[in-house]
Amino acid sequence: MSQKKNCIIVDDDSISRKTLENLVRQTEGLELLECFSDAVQAANYLLDHEVDIILLDVEMPGMSGLELTRTLPRQAEVILVTGEEKYAVPAFDLNVTDYLLKPVDYPRFFKAISKALDNLRQAETEAEDDAQKIEGKLFIKVDHQLIGLDVEQISMEEAMAD
């Protein structure tokens, strides 16, 4: 994973946003794309932009961070950032990557980011493995199933139907 992973910050509190911005800028491998003061703006942005990591406050007016997580158009690594412990169980039911309590310190932030980067790295490796399994194969339909044949092992082919 040589290229930087992009992230956005969504928090209605300007001090928290600035704190998270500083933490992101200190962390190699991250590129901050945008900061948003509410979840609706972020939701609209996410419709047209792929984001790897979302640093997301839970309590915001209009749409909460939990509501935004439920409506994400693409699965990103979501790290919830909040001052309340009470949202931890609902957060993990939504399969978030991590849960940070404010005020966030760098060691805990780095641990959450490392977990997100590991998840992204694992997903990339799995995608590469899947691509390698498909490469060099010819897929044919047999009894309503696709069967992959190694192209190098085919000596003759004949079409008998569709």
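## Helix 2 and its two faces

In this predicted model, the face of helix 2 that is turned away from its buried side carries the exposed residues Leu47 and Asp48. The buried residues of helix 2, which spans residues 39-48, are Ala39, Ala42, Ala43, Tyr45 and Leu46. Seen down the axis of helix 2, these buried residues fall within an arc of 165 degrees, so they line one face of the helix.

Several elements take part in covering that buried side, and they include strand 1 (5-10), strand 2 (30-36), strand 3 (53-57) and helix 3 (65-70). At the N-terminal end, helix 2 is capped by Asp38, which has a side-chain oxygen 3.0 Å from the backbone nitrogen of Val40.

## The chain as a whole

The protein chain contains 5 helices and 7 strands, and, read from the N terminus on, its elements follow the order β-α-β-α-β-α-β-α-β-α-β-β. Of the 162 residues in the protein chain, 37% count as buried. Among the contacts between residues at least 6 apart in sequence, 53% join residues that are at least 24 apart.

## Thr69 in helix 3

Helix 3, one of the elements that cover the buried residues of helix 2, contains Thr69. With a relative accessibility of 11%, Thr69 counts as buried, because the cut-off for that class is under 20%. Thr69 and Ala39 are 30 residues apart in sequence, while their C-alpha atoms are 9.6 Å apart in space.

When neighbours within four places in sequence are left aside, Thr69 is in contact with Leu56, Val78, Leu80, Leu94 and Val96. Two residues of this list, Val78 and Leu80, also appear among the contacts of Asp98, a residue of strand 5.

## Strands 4 and 5 and the helix between them

Strand 4 (residues 77-82) and strand 5 (residues 98-101) run parallel and are joined by 4 bridges. In this pairing, Ile79 has Asp98 of strand 5 as its bridge partner. Together with helix 4 (residues 88-93), strand 4 and strand 5 make a right-handed β-α-β unit.

The loop between helix 4 and strand 5 holds Asn95, whose phi is near 65 degrees, a positive value in a residue other than glycine. Asn95 counts as exposed, with a relative accessibility of 59%, since the class begins over 50%.

## Asp98, a buried residue with a polar partner

Asp98 lies in strand 5 and counts as buried, at 7% relative accessibility. The side chain of Asp98 is joined to that of Arg108 by a polar contact of 2.7 Å. Apart from its neighbours within four places in sequence, Asp98 is in contact with Val78, Ile79, Leu80, Phe92, Arg108, Ala112 and Lys115. This list therefore includes Ile79, which is the bridge partner of Asp98 across the paired strands, as well as Arg108, its partner in the polar contact.

## The loop after strand 5

Between strand 5 and helix 5 there is a loop in which Pro103 is found. The peptide bond joining Lys102 and Pro103 is cis, and its omega is about -5 degrees.

## Aromatic pairs

A search of the whole structure finds 3 aromatic pairs. In one of them, the rings of Phe36 and Tyr45 have centres 5.2 Å apart and planes at 55 degrees, so the pair is tilted. Both partners are buried, Phe36 at 8% relative accessibility and Tyr45 with a relative accessible area of 13%. The rings of Tyr106 and Phe109 form a pair as well, with centres 6.1 Å apart and planes at 40 degrees, so this pair is also tilted.

Tyr106 and Phe109 both lie in helix 5 (residues 106-134), where they are 3 residues apart, or about one turn of the helix. Their surroundings nevertheless differ in accessibility, for Tyr106 is partly exposed, with a relative accessible area of 25%, whereas Phe109 counts as buried at 0%. Ring pairs link Tyr106 and Phe109 with Phe110 into a cluster.

Definitions and conventions:
Residues numbered from 1 in each chain as written. Predicted model: local features only at pLDDT ≥ 70, side-chain atom pairs only at ≥ 80, totals over all residues. Heavy atoms only, no water. Buried < 20%, exposed > 50% of the residue type's maximum accessible area, 1.4 Å probe, protein only. Arc of directions from axis to C-beta. Contact = heavy atoms within 4.5 Å. Polar contact = N/O pair within 3.5 Å; in protein donor to acceptor, adjacent residues only side chain to side chain. Pairing = 2+ DSSP bridges. Right-handed = clockwise from strand over helix to strand, strands pointing away. Phe/Tyr/Trp six-rings, centres within 6.5 Å; stacked < 30°, edge-to-face > 60°.
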